[in-house]
Amino acid sequence: MTRLTGRALRVTIFIGENDTWHHKPLYTEIVHRARAAGIAGASVFRGIEGFGASSLIHTSRLLSLSEDLPVAVVIVDTEEHVRAFLSTLDALVTEGLVILDDCEVIRYVGREPKQGETDKEGKR
């Protein structure tokens, strides 16, 4: 299990829900590559409204349903690990916004795998 406390770096990737990488959602590819790279954690958040460089407003409001809502992928780890992962993001994210923030991890606790489950290293 990855241990993380103290100073860290947070990278947030703002993309569209319909953005893809080889016919898979881009956010899924980012999360899976982050896990394979040993990153401490990654989460995907779906926005309800927003706009980016194109200035097109994407919204979930009923009268103007969007099929391409904003998505934010948030990754937190040590500065060394996050900066090493930036080249992967550079190859994957062709449209969107990638930002970095310093942060402090106060608590990072996982759960033990349930019977029959395995963690990312294949351990029980």
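In this predicted model, the side chain of Asp19 reaches the backbone nitrogen of Gly16 at 2.9 Å. Asp19 sits in the loop that links strand 1 to strand 2 (20-21). Asp19 is buried but has no salt bridge. The nearest side chain of opposite charge belongs to Arg46, 13 Å away; a salt bridge would need a side-chain nitrogen of Lys or Arg within 4 Å of a carboxyl oxygen. Leaving aside residues up to four places away in sequence, Asp19 touches Lys24, Pro25, Leu26, Asp68 and Glu95.

Strand 1, which precedes this loop, belongs to an open sheet of four strands in the order 4-7-1-8, with antiparallel pairing. Strand 4 (41-46) and strand 8 (97-105) each have a single partner strand and stand at the edges, so one side of each is left without a neighbour in the sheet. From one strand to the next, the twist averages 20°.

Strand 1 (residues 6-16) and strand 8 run antiparallel and are joined by nine bridges. Within this pairing, Thr12 has Ile99 of strand 8 as its bridge partner.

Two helices lie across strands of the sheet, as listed below.

| Helix | Strands it lies across | Angle |
|---|---|---|
| Helix 1 (residues 26-36) | strand 1, strand 4 and strand 7 (70-77) | about 5° to strand 7 |
| Helix 2 (residues 79-92) | strand 1, strand 7 and strand 8 | about 20° to strand 1 |

Edge strand 4 is thus crossed by helix 1, and edge strand 8 by helix 2.

Note on methods. Residues numbered from 1 in each chain as written. Predicted model: local features only at pLDDT ≥ 70, side-chain atom pairs only at ≥ 80, totals over all residues. Heavy atoms only, no water. Pairing = 2+ DSSP bridges. Axes fitted to C-alpha atoms, helices over the stretch in contact; angles between N-to-C directions. Contact = heavy atoms within 4.5 Å. Buried < 20%, exposed > 50% of the residue type's maximum accessible area, 1.4 Å probe, protein only. Lys, Arg positive; Asp, Glu negative; His and termini not counted. Polar contact = N/O pair within 3.5 Å; in protein donor to acceptor, adjacent residues only side chain to side chain.
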